[in-house]
Amino acid sequence: MGFFKEYWAYLKERKKWWIAPIIIMLIILGLIIVFAESSVLGPFIYTLF
């Protein structure tokens, strides 16, 4: 949790708001890949990429 607090403080101080959507999309993509590996829907999700 300390990382997220430090990241939020960095965004507020430096006004680098354009970085936030990139990080959020990378996290979502990572979660989709992890979910795809451990589920029955894996072959269907892999066809999207």
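Guide: Quick bit of vocabulary before we start: helices (H or I, at least four residues) and strands (E, at least two) are DSSP runs, numbered from the N terminus. What you have here is a predicted model, where local features need pLDDT of at least 70, side-chain atom pairs count only at pLDDT 80 or more, and totals for chains, interfaces and linings use all residues. Residues are numbered from 1 along each chain as its sequence is written, and side-chain values use heavy atoms, with hydrogens and water left out.

Visitor: Which residue follows α1, with a positive phi?
Guide: Helix α1 covers residues 2-14. Just after α1 the phi turns positive, near 55 degrees, and the residue there is lysine 15.

Visitor: How many helices are there in the chain?
Guide: Strands don't come into it, as their count is zero. Reading from the N terminus, the order is α-α-α. That puts the helix count at three.

Visitor: How far does α2 reach from its first C-alpha to its last?
Guide: The expected span of a helix is 1.5 Å times one less than its number of residues. With 19 residues, α2 is expected to cover 27 Å, and the model comes close to that, at 28 Å.

Visitor: Is isoleucine 19 buried or exposed?
Guide: The labels go by relative accessible area: under 20% is buried, over 50% exposed, and in between partly exposed (1.4 Å probe, protein chains only). Isoleucine 19 sits in helix α2. Its relative accessible area is 17%, so isoleucine 19 counts as buried.

Visitor: Which residues does isoleucine 19 touch?
Guide: A contact means heavy atoms within 4.5 Å. Leaving out residues up to four places away in sequence, isoleucine 19 touches Tyr7, Tyr10 and Leu11.

Visitor: What is the angle between the planes of phenylalanine 3 and tyrosine 7?
Guide: Rings of Phe, Tyr and Trp (its six-membered ring) pair if their centres lie within 6.5 Å; planes under 30 degrees apart are stacked, over 60 edge-to-face, and the rest tilted. The whole structure holds three aromatic pairs. Phenylalanine 3 and tyrosine 7 form a stacked one, with 6.3 Å centre to centre and a plane angle of 10 degrees.

Visitor: Where do phenylalanine 3 and tyrosine 7 both lie?
Guide: An α-helix has 3.6 residues a turn, so residues three or four places apart point the same way. Phenylalanine 3 and tyrosine 7 are four residues apart, about one turn, and both belong to helix α1.

Visitor: Which residue meets arginine 14 in a salt bridge?
Guide: A salt bridge is a side-chain nitrogen of Lys or Arg within 4 Å of a carboxyl oxygen of Asp or Glu. The count comes to one. At 3.3 Å, N to O, the partner of arginine 14 is glutamate 13.

Visitor: Which helix supplies the largest share of the nonpolar patch?
Guide: Patches take residues with over 30% relative accessible area and no salt bridge, joining like charges within 9 Å and nonpolar side chains (Val, Leu, Ile, Met, Phe, Trp, Tyr) within 5 Å. Accessible areas come from the Shrake-Rupley method with a 1.4 Å probe; for residues, only the protein chains shown count as cover. This patch has about 1,000 Å² of accessible area together, and its members include Phe3, Trp18 and Ile22. The largest share, five residues, comes from α2.
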